[in-house]
Amino acid sequence: MLVLWIRRNYAYWKRLGVPYEEPHFLYGNFKNVDRYQHDGQLIQEFYRKYKGKSPPVGIYTFFKPVAVPTDIGLVKNILIKDFNFFHDRGTFYNEKDDPLSANLFNETGLKWKQLRNKLSPTFTSGKMKMMFTTMWDVAKKFESKIDEVCKSGEDLHIRKFMARFTMDVIGTCAFGLETNSLDSENNEFFQVGMSIFENPKHGTRFAFLLNVFGEYGRKLRFKLFRDEVIKFYTRIVRETVDYRLANHVERSDFLQLLIRLYTTNGEDKLSFNELLAQAFVFHMAGFETSSTTLQFCFYELACNPEIQDRVRNHINEVLEKHNGQLTYEAVMDMKYIDQVINETLRKYPPVGVLQREASQDYKIPNSDFVLEKGISLFIPSYAIHHDPEFYPNPSKFNPDNFSEEAVKNRPSVAFLPFGEGPRICIGARFGLLQTKMGVIAGLRKFRYSLSPRTKQPLKLISKFFVLRPDDVIWLNIEPIS
Ligand code: HEM
């Protein structure tokens with residue numbers, strides 16, 4: 001019976017006449033993910049093979065059919081124009097046993113929409129401006145810690161360093177907590193936060209399996225996160241909320257905005273678990289994505305000294321224009337850094353595949369194919385970012401890919417580091433700002449080159465979805481006189 005069921009599932013794309021990749025009997029087309037490949041690179045193989053031949057290619061995660069759009073027009077329709085058909089991601093969560101998992105990223109339907117409306121005001125440019133000074137205080141400390149490493153003559157372990165910086169930024173901006181990870185890694189915040197990605201409860205493959213069997217997963221009481229992670233965040237958020245309410249403490253951070261929604265009696269009210277899940281996702285999504293971006297950015301700057309010099313000169317020129325004052329306006333004026341960060345996000349998008357699920361049948365325009373209700377979609381952002389049609393010589397690190405002219409001449413959805421449409425990353429502004437602060441603080445006074453200890457070429461992996469280098473990147477640092 002089981003074999004028949006599996007065979008029937010694996011005949012899905014053939015029955016519909018959609019070109020497809022032959023699946024492995026158990027894993028579908030995801031046999032090598034986690035072990036040899038990250039999901040973005042795997043999907044890239046299918047994208048390259050079927051682009052121009054069929055608007056979607058059919059694959060399977062385990063037994064579930066997944067459509068991979070290979071046509072940029074279709075990508076735009078799914079993410080933006082016909083979003084009403086594709087408002088959910090279809091990712092697993094289990095509100096009852098793992099409250100952290102019922103967050104904005106995983107929520108579906110009306111609940112997602114209401115939550116998104118409530119949370120969007122948290123991330124306006126006005127709010128970012130308010131957080132600027134707090135962020136820059138952490139960045140200055142980051143600069144002084146680099147100075148210490150520089151004076152010691154040791155190489156810089158770039159992953160840990162960047163993670164410590166972004167952990168402290170998000171710790172203070174999201175929770176109002178001085179996490180002090182830059183002083184020492186031996187604090188619970190850093191250790192537990194890092195463990196989510198270093199030692200995830202499930203690998204990418206198993207997380208995909210949970211997406212396939214969501215209902216059964218909930219019945220069997222599967223969780224996305226380890227018990228110690230759930231306990232830690234529940235305790236820390238509970239203690240901080242109780243303290244602020246009892247002592248009438250108000251701060252300009254994300255938690256304060258969530259507390260306001262928690263204490264209101266109006267329609268916008270959040271329960272404690274809803275508050276907890278959002279505080280958690282801001283923390284989790286907020287530090288690792290920016291930290292990994294900074295890591296790849298400094299790696300590329302070390303490999304491309306002329307670009308590194310150009311960024312440093314640009315910082316100095318803009319600062320001079322702003323009377324030497326590092327203000328929010330001066331940072332916004334540093335356009336070449338935006339180009340460098342965008343090029344980093346193009347080459348190394350932290351999230352290499354965007355997920356969607358069809359909530360109703362969808363006929364693909366100008367074709368006979370119908371994406372049926374319940375079908376998963378994997379938008380191949382990593383593959384699109386490495387497509388020579390949009391980026392000539394895609395393996396070259398070239399910030400000029402983001403000159404005004406170049407951006408104008410490309411479809412907007414050819415650049416998807418934050419996704420697109422109503423489900424675009426809610427924290428994109430914050431992520432970009434903290435990454436930019438890291439670049440400024442890291443580059444003003446120091447020059448970087450690749451240490452011989454760094455293995456080349458870089459091998460990419462993704463544990464728990466976020467792309468990162470498999471081996472440690474070590475950099476040499478020199479002071480700039
Ligand atoms: C460089 C930094 C970041 C990158 C590259 C990034 C990337 C992404 C991507 C690709 C998505 C999925 C979008 C889609 O499916 O269309 C996403 C969603 C999300 N991100 Fe980010 N992110 C970053 C920073 C942040 C920060 C700082 C926060 C919070 C403080 C955050 C919170 C979220 C949340 C809550 C969602 C789910 C949004 C929804 O479904 O409505 N991210 N992010």
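Modeller: In this predicted model, a nonpolar core is a set of buried Ala, Val, Leu, Ile, Met, Phe, Trp, Tyr and Cys residues joined through side-chain atoms within 4.5 Å.

Colleague: Which residues touch the most other members of the largest nonpolar core?

Modeller: Val 237, Val 311, Phe 430 and Tyr 448 do, within a core of 149 residues. The most residues of this core, 16, are given by α13.

Colleague: What does Phe 430 touch, not counting residues up to four places away in sequence?

Modeller: Its partners include Phe 123, Met 128, Met 131, Val 169, Ile 170 and Phe 254. Contact requires heavy atoms within 4.5 Å.

Colleague: Why is Cys 425 (SG) called a donor of the iron atom of the ligand?

Modeller: The SG atom lies at 2.3 Å from the iron. Donors are N, O and S atoms within 2.8 Å of such a metal, so this sulfur qualifies. Cys 425 is the only protein donor, and its place is the loop between α18 (404-408) and α19.

Colleague: What makes the pairing of Arg 356 with the ligand a polar contact?

Modeller: A polar side-chain atom of Arg 356 is 2.8 Å from a ligand oxygen atom. The limit for a pair of N or O atoms is 3.5 Å, so the pair counts. Trp 112 also places a polar side-chain atom 2.9 Å from an oxygen atom of the ligand, while Glu 420 has a polar backbone atom at 3.4 Å from one.

Colleague: Which element supplies the largest share of the shell around the ligand?

Modeller: That is α13, with seven residues. By class, the shell holds 16 nonpolar, seven polar and five charged residues.

Methods. Residues numbered from 1 in each chain as written. Predicted model: local features only at pLDDT ≥ 70, side-chain atom pairs only at ≥ 80, totals over all residues. Heavy atoms only, no water. Polar contact = N/O pair within 3.5 Å; in protein donor to acceptor, adjacent residues only side chain to side chain. Helix = DSSP H or I, 4+ residues; strand = E, 2+ residues; numbered from the N terminus. Nonpolar A, V, L, I, M, F, W, Y, C, P; charged D, E, K, R; others polar. Donors = N, O, S within 2.8 Å, 3.2 Å for Na, K, Ca; no water. Buried < 20%, exposed > 50% of the residue type's maximum accessible area, 1.4 Å probe, protein only.
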